[in-house]
Structures are given as structure tokens and as C-alpha cells.
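Student: I should like to learn how to read helix packing and chain contacts in a structure. May we work through one case together?

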Amino acid sequence: MNHNRQSNDGKHDDDSALSDFLASLMDYTPTIPDELVEHYLAKSGFQCPDVRLIRLVAVATQKFVAEVANDALQHCKARQAAVVKDKREKQQKYKRLILTMDDLSKSLREYGVNVKQQEYFADSPSTGIDPATRDE
Amino acid sequence: MNNGCLENRKKEHDNSQKRPKSYKFGSKSDDFALAIAKVAVAQLCESVGFQGFHLSALETLSDISVRYIYSIGKTANLSANLAGRVEGNVFDIIHGLEDLGSNLGFSGASDVDRCVVSSGVVKDITHFVGVSDFIPFAYDVPGFPVVKESTKTGSFWEKGEDPPGEHIPSWLPAFPDPETYATRLSVENETMGVSNGKKTESELERVERNMDRSLLNLQLRFAHNENKGGSSHGSGYVATESNPYLAAPLHVGEKEVSSVVLPTKLSNEVALRNPVHVDVGNHVSVLETFAPAIEAMKSGLCDSDNVKKKLLYDQRPTVRFKIGIGKKSLGTMSDLNSQNEEDLLKIASWFGNDNEKDDKKRRVEKILKESVESSKE
């Protein structure tokens with residue numbers, strides 16, 4: 001009985017946390033507009049009159065895009081650091097951080113999305129091989 | 001999209017052109033939504049720290065984010081349907097998010113008896129909301145897609161009319177009012193009385209819209225103004241006369257038309273390869289106009305100057321012909337009459353003038369010819 005009561009209280013806390021969170025979503029306007037999310041949810045067949053759920057999906061997508069962009073940024077910075085390390089004697093020129101397909105495909109790879117592009121030319125025997133297997 | 005800090009200048013050859021997109025997310029109807037997604041994704045990347053993008057990378061990322069939304073919706077819909085519901089729930093969405101985040105993992109994924117409410121996904125999102133900055137979307141997005149209100153033509157039953165004939169059920173849409181097609185005939189008779197053999201008014205309006213005013217010769221313009229006076233008092237006029245196929249058939253002699261070109265006869269004598277376009281307003285027979293030229297070549301006149309002057313007076317300055325280029329005609333004419341080279345040169349110069357006309361004028365003649373042919377039906 002006690003155990004049940006505790007678990008009930010726990011669930012009640014979780015419920016309230018969730019409902020509080022959904023309420024707080026109405027204050028926070030996500031970057032991805034509601035109309036866009038509604039359009040694609042309608043396209044997928046998901047019907048919901050509740051605006052908070054739309055906001056929840058928008059925030060989730062924003063989190064996903066931010067994470068992917070962050071990983072791509074790390075890749076970009078790592079590449080720049082590698083270049084700078086070689087030419088440390090010369091002036092350290094920091095180029096602008098640009099989102100390229102290369103960085104994007106590397107970061108998306110960890111999320112299970114394959115955007116690998118065809119190599120333009122094959123200059124070595126290991127061109128086009130999966131980088132994970134290449135290390136082996 | 002022009003945000004001040006963003007630059008899409010670096011091009012990549014592979015994706016800079018229009019690539020074949022999948023039907024679901026790449027069709028033309030989705031362009032607006034994709035554009036909005038691109039702006040939103042660009043803003044997010046800028047907040048993360050990027051200062052520029054490759055256009056292809058931006059497009060790819062926005063496409064993926066759109067698919068992410070779509071797959072959340074699809075999974076949520078699936079779980080709602082499995083539970084026997086039509087409308088989605090917050091739990092359905094959390095299920096969808098867990099499915100999508102399952103390959104990366106979230107806290108509490110391995111718990112056997114976890115509750116959806118206390119899912120690690122929600123906690124991650126809550127944390128993210130608390131940490132991230134508030135970045136509003138750059139533009140005001142209208143509600144889309146805009147639903148067009150269908151103008152329903154009422155059924156027989158709704159209009160309170162009896163359907164003509166027992167075979168027509170009353171729930172079918174009613175026939176249009178007879179006024180919409182009956183008055184047009186009377187108006188057409190009027191216009192035929194006003195100007196000889198003009199086209200129907202709607203066609204004139206259409207032709208006018210298509211052509212540049214300055215290209216029409218003065219005669220046509222006056223004629224148009226006359227017709228316009230009749231059609232200006234009501235758009236219903238133009239609407240009702242839009243179908244020339246419903247016009248009553250014309251009797252012989254009711255409408256003046258230009259006489260028929262005799263191509264076989266002329267092709268032996270005059271080098272006319274291309275068909276001749278005659279202006280609608282000028283009912284000049286082709287044969288008549290070319291008669292002096294034919295005579296000149298046949299008889300080999302010495303006083304070609306007189307003939308030329310006579311021709312110039314007889315010939316209306318507004319008649320235009322579309323004839324083969326001067327070189328062609330010159331070549332074949334020289335076969336016939338090699339003696340009178342002066343005459344040939346002068347005659348060729350008349351044809352040569354036509355070559356200087358613009359393409360626009362040729363198009364004008366083409367449109368007029370087509371309308372003449374259609375009005376003859």
C-alpha cells in the first residue's frame with residue numbers, strides 16, 4: 001500500500017511536471033513557427049486541436065536542429081584547428097565558420113541520417129570508403 | 001532569404017542546380033513551407049555560432065528538419081490509432097519522440113516499467129528550453145495552406161427549381177440561367193451591324209491584352225474603340241460572349257470576308273511560298289493587289305516607274321503581307337524574267353520592306369489570322 005501511495009505521488013509529480021512544462025511552453029515561442037509545424041503534422045495525418053502539443057513538437061525539432069548544428073560546428077572548428085596547427089608560425093587567420101555539406105554529413109551520420117555525396121574524383125584507393133572502416 | 005549575417009555565396013556544383021526531389025517534400029506545392037523552414041533553420045544555426053552557409057547544406061538541413069516533424073506526426077498518429085483514437089495525445093507525441101531518439105538514446109530508455117510521463121525525452125526538452133535563448137522567427141507567417149472557398153452552384157432542389165425532364169434528379173447542380181447565354185446572340189448582331197465583319201468582343205479584348213497598342217494600325221484602333229464603347233458597360237457582356245462556338249451560324253453574305261487566295265495559280269507566276277496574312281479590317285483581295293505585279297512581270301513593262309506609282313496610289317498603306325524573304329523571291333523571279341532587272345529590283349524592294357518588320361508585328365498578324373479563321377466558323 002505504501003509503495004503504491006509513493007508511486008502514485010511520484011506519478012502525480014511527474015504529471016504535474018509535464019503539465020507545468022506544457023504550460024511554460026506557451027510562454028516560450030520556439031523559433032520554428034507554429035504554422036509550419038501544423039502544416040507538416042497535418043500532412044502526416046496527426047490531428048490535434050491542442051496548441052501546446054504543436055509547441056512541443058516545434059521545440060523538439062528545434063532541439064534536434066540545434067544539436068545537429070552544434071555537432072557540425074564542432075567538426076568545423078576541429079578542422080580549422082587542425083589547419084592552424086600546421087601553420088602555427090604564420091599568422092593565425094581565423095576564417096568564418098561556414099556550414100558545409102561535409103561537416104553536416106559527418107554530424108548527421110551519428111543521428112542515423114545518411115547524406116553522403118558521391119566523390120567528385122577518386123584520387124586514392126581508399127576514396128569513398130566508410131570512414132569508420134577506413135580506420136581499421 | 002536575406003538575413004544580414006547570412007551569406008549563401010559559396011556554391012557547390014552538385015547541389016546548386018535544381019536536383020530531382022522526392023515527391024513528398026520537394027514538389028512545387030511545398031516550396032513555401034520549405035522556404036519558411038530554411039529561414040528558421042538558418043536562424044537556429046546562426047544562434048549556434050555559424051556565420052555562413054553553403055546553400056546546399058542549408059537546404060539539406062531544412063529538408064531533414066521538415067522530415068523530422070513529419071515522422072513525429074506519423075508515429076504519433078500511429079500510436080493514437082493503435083489506441084483506438086483519432087486525435088493525438090501528448091503521450092502519442094512522447095512515444096514518437098522516443099522512437100526517433102532511440103538510436104541515440106535518452107536517459108531512462110532501458111527502464112522496464114517506465115512511465116511515459118517521466119520520460120527522459122521530456123526531461124531533455126525541458127532542459128533545452130531552460131538553457132536556450134529565445135529566438136523569435138524572423139517573419140510573420142500567415143496561416144497556410146489557404147483554403148479556397150468553393151462557390152457551390154446550388155442544386156435544383158436548393159434553388160427551388162424543377163429540373164427540366166424527369167431523368168434529371170433534383171440533387172444535381174442546376175443549369176445556368178438562360179440569360180447568361182441568350183442575350184449574347186442579340187449583342188452579337190448589334191456588333192455586326194456596327195462594324196463590318198469584326199470578331200466577337202471577347203476575342204478583341206483578349207487580342208488587345210496580348211498585343212502592344214502601338215502595333216495596331218490606326219484603322220483597327222478606331223474599330224476597337226467603337227467596339228469598346230459597346231462592351232464597357234458590363235463585364236457580363238464579355239463573360240457571356242466568351243464562347244464563339246455557341247454562336248448561331250452565319251448565313252451566306254451576312255459577314256464580309258476577304259476573297260480566297262488562289263495559291264496554285266500564283267505559285268507559278270509569283271514566288272509566294274509563305275501564306276499571306278491579311279488584316280481583318282482591310283478587305284483587299286490578294287489577287288487584286290498582286291495583279292499589277294503579275295502583269296508587270298508577264299508583260300515586261302518598260303515604264304515600270306508609272307506602274308510603281310500607280311500601285312503605290314492604289315495600295316493602301318496599312319495592308320501588310322507576310323511573304324517570303326526578298327532573296328528567295330528575287331531568285332525565282334529572275335528565272336522568269338531575266339531581262340527587266342530594274343523592275344525586279346523595284347518589286348523586290350516592296351517585299352524587302354516586310355522583312356524589316358518586327359517579330360511582334362508578325363505575331364500580331366498571326367493572331368489576327370487565327371481570329372479570322374475562328375470567326376469564320
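Tutor: We shall take the interface, the helix pairs and the salt bridges in turn. This is a predicted model, in which local features need pLDDT of at least 70 and side-chain atom pairs count only at pLDDT 80 or more, while totals for chains, interfaces and linings use all residues. Residues are numbered from 1 along each chain as its sequence is written, chains are lettered from A and ligands numbered from 1 in the order in which they are written, and side-chain values use heavy atoms, with hydrogens and water left out.

Student: How many residues of chain A are in contact with chain B?

Tutor: Contact means heavy atoms within 4.5 Å. Here 56 residues of chain A are in contact with 68 residues of chain B.

Student: What area do chain A and chain B bury between them?

Tutor: Buried area is the accessible area (1.4 Å probe) that two parts lose on being put together, summed over both. Chain A and chain B bury about 5,600 Å², with 75% of it on carbon and sulfur atoms. Thr31(A), Tyr40(A) and Leu99(A) supply 13% of the area that chain A buries against chain B, more than any other three residues.

Student: At what angle do the axes of H2(A) and H3(B) cross?

Tutor: Helices (H or I, at least four residues) and strands (E, at least two) are DSSP runs, numbered from the N terminus. Axes are lines fitted to C-alpha atoms, for helices over the stretch in contact, and angles run from 0 to 180 degrees between N-to-C directions. Helix H2 of chain A (residues 34–44) and helix H3 of chain B (residues 31–48) have axes that come within 10 Å and cross at roughly 135°. That makes H2(A) oblique to H3(B), given that angles under 35 degrees count as roughly parallel, over 145 as roughly antiparallel, 65 to 115 as roughly perpendicular and the rest as oblique. On the side of H2(A), the contact is made by Leu36(A), His39(A) and Tyr40(A); H3(B) contributes Ala33(B), Leu34(B), Ile36(B) and Ala37(B).

Student: How does H2(A) pack with H4(B)?

Tutor: H2(A) and helix H4 of chain B (residues 55–82) pack at an angle of about 50°, with their axes 8 Å apart. The two helices H2(A) and H4(B) are therefore oblique to each other. Among the residues of H2(A) in this contact are Val37(A), Tyr40(A) and Lys43(A), while H4(B) offers Val66(B), Ile69(B) and Tyr70(B), among others.

Student: How are H3(B) and H4(B) arranged?

Tutor: Their angle is about 105°, and the axes of H3(B) and H4(B) are 9 Å apart. H3(B) and H4(B) are therefore roughly perpendicular to each other.

Student: How many salt bridges does the rule find across the interface of chain A and chain B?

Tutor: A salt bridge is a side-chain nitrogen of Lys or Arg within 4 Å of a carboxyl oxygen of Asp or Glu. The rule finds one across this interface, whereas a search of the whole structure finds nine over all chains. Lys43(A) and Asp30(B) meet through their side chains in a salt bridge (3.5 Å, N to O).

Student: Which residue meets Arg79(A) in a salt bridge?

Tutor: The side chain of Arg79(A) meets that of Asp103(A) (2.6 Å, N to O). Arg79(A) lies in helix H3 of chain A (residues 51–86) and Asp103(A) in helix H4 of chain A (residues 101–109), so the pair ties together parts that are 24 residues apart in sequence.
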